[in-house]
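Open the model in a viewer and keep the selection tool at hand. The stops below say what to select next and what is there.

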Amino acid sequence: MKTKKKNVIITFAILFIWWLIPIQTFAATIVPASGDKTGKQDYKNIMNALSKDGDIILENGSTYYLKATLWVESNQSITATGATIISKSGVFRNRPTKTNYRSLQNFSVDGGIWKNISKDGFKKSMVQFSHSKNISLKNLTVYCNYAGHAVELVACRDVTIDNCTLKGIGKCSKSCSEEQLQIDIATQQTAPTVGHYNKKFVKGQTCQNITVTNCKITGARGVCANYTSKEKKYQTKFHKNIILKNNTIIGTSAEGVALFNVIGATVENNTIISHSKRTDTAYSVGCHIAMFGKAPASIKKAVYRLENNTIKGGRQGFYVYSHSASRFGKVIAKRNRCYAKKGKSKAIWVRNNSVHKIELSVNKTYKWK
């Protein structure tokens, strides 16, 4: 009994001492702006802090200059609320090191105005992730030339983009069809910078579970889930589960939204507009869903749900078409307001021979003047 009492007393003593010890929390590292407009010092400070601590904060109201793109890694975060970051190239990306979405995991950025040193913007990708997963981009404003991409996702999964502004700047040619948000397949043609690392990174890998909410996106195209038009062997590779909710998405010279070779999509409560003057072509469609090549068998059960959107286009407002013998599973379009410059009858155009099952209800269609 004495031994038991002694053990109980020791246990309570340990618990009491533990309770007295203050709980330590590990705060993110604040990186002050250096004022060095060459970009060398801010680049060095930010990269060192990311490497050492992983989680960093850029000062609210400060301007940072980068001599080059920030190379980011797994389990890192950048909080940049109220900061402006000006780069001589892009702003951040990862190096592909592994396939199966394992190159980078668990990365986030919150806030910041991110732009190139040129007033016309960068003509490549400002932000690029490849073969990565669990990425969160919130409250960013990213400026990029119309010929480039504000955000490019190459073979990524489980990505959330929320409350961001992705804006094309500079001159937009009438024939430009580059998108500010590119959801890309990994092939040598579509992602040559990724292919430079190793051929294994450009074998037709695709994106999954990409969610875009509460964003304002303006580009030559707004948003595109891409396919490869010339590499026929990869046209059987399909993205999966694209979600667009509560966004304003505008295409200046091409579609507002183009979803190519996608298995399952949800498009709800968006305003989607194409201002393209090429009204005799698909480039002027507001929301364009198309298929190229033979689809996997899972396409038969895939659902494409469009609800409560306002969609405006030239040739069509909302258009679904398969360019192959494969057909989409089910297309559900409800409570949408759709406009087409080619006339009210073209505002919603879902090809019967392209879809297994179509449900259209409570939609309103108009000629867009």
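Select Tyr227 first: with a relative accessible area of 17%, Tyr227 is buried. This is a predicted model. Add Phe292, which is buried as well, at 15% relative accessible area. The rings of Tyr227 and Phe292 form a stacked aromatic pair, with 4.0 Å from centre to centre and 5° between the planes. Tyr227 belongs to the loop between β19 and β20 (239-245), and Phe292 to the loop between β25 (287-291) and β26 (303-307), so the pair ties together parts that are 65 residues apart in sequence.

**The sheet**

Next, select residues 221-225, strand β19, together with residues 257-260, strand β22. These two strands pair in the parallel sense over 3 bridges. Within this pairing, Cys224 stands opposite Ala258 of β22.

Now widen the selection to the whole sheet. It is an open sheet of 10 strands with parallel pairing, and its order is β4-β7-β10-β13-β16-β19-β22-β25-β28-β31. Which strands are at the edges? They are β4 (70-71) and β31 (348-350), each of which pairs on one side only.

**Aromatic rings**

The model has 10 aromatic pairs. One of them joins Phe92 and Trp114 in an edge-to-face arrangement, 5.2 Å centre to centre and 80° between the planes. Phe92 is in strand β7 (residues 92-93) and Trp114 in strand β9 (residues 113-116), so to find the pair look for distant parts of the chain, 22 residues apart. Phe92 counts as buried at 0% relative accessibility, and Trp114 does too at 1%. Add Phe107 and Phe129 to the selection: with Phe92 and Trp114 they form one aromatic cluster.

**Charges over rings**

Select Trp71 and Arg95. The charged end of Arg95 sits over the ring of Trp71, 4.0 Å from the ring centre. Then move to Trp368, where the charged end of Lys341 sits over the ring at 4.7 Å from its centre.

**Cysteines**

How many disulfides does the structure hold? The count is 0. To look at one cysteine in no disulfide, select Cys164; the nearest cysteine sulfur belongs to Cys215 and is 4.8 Å away. Why is there no bond from Cys215 to Cys164? The two sulfurs, 4.8 Å apart, are too far for a bond, as a disulfide needs them within 2.5 Å. Cys164 is buried, at 2% relative accessible area, and Cys215 is also buried, at 2%.

**The largest pocket**

End at the largest pocket, which has a volume of about 850 Å³. Its lining has 38 residues. To centre the view, select His149, Glu178, Gln182, Thr190 and Asn226, the lining residues closest to the pocket centre.

Then colour the elements that each supply at least two residues of the lining:

- strand β10 (125-130)
- strand β13 (149-154)
- strand β16 (179-184)
- helix α3 (192-195)
- strand β28 (318-322)

With the pocket still in view, bring back the sheet: β10, β13, β16 and β28 are among its 10 strands, and each of these also supplies at least two residues of the pocket lining.

How values were computed:
Residues are numbered from 1 along each chain as its sequence is written. This is a predicted model: local features need pLDDT of at least 70, side-chain atom pairs count only at pLDDT 80 or more; totals for chains, interfaces and linings use all residues. Side-chain values use heavy atoms; hydrogens and water are left out. Two strands pair if DSSP finds at least two bridges between them. Helices (H or I, at least four residues) and strands (E, at least two) are DSSP runs, numbered from the N terminus. Rings of Phe, Tyr and Trp (its six-membered ring) pair if their centres lie within 6.5 Å; planes under 30 degrees apart count as stacked, over 60 as edge-to-face and the rest as tilted. Buried means under 20% relative accessible area, exposed over 50%, partly exposed in between (1.4 Å probe, protein chains only). A charge sits over a ring if NZ of Lys or CZ of Arg is within 6 Å of the ring centre and within 35 degrees of the ring normal. On a 1 Å grid over the protein atoms alone, a cavity is a set of points where a 1.4 Å probe fits but cannot get out, and a pocket is an open set with protein on both sides within 12 Å along at least five of seven lines; lining residues have an atom within 4 Å of a point. Grid points are joined across faces, edges and corners, and a volume is the space filled by probe spheres set on the points.
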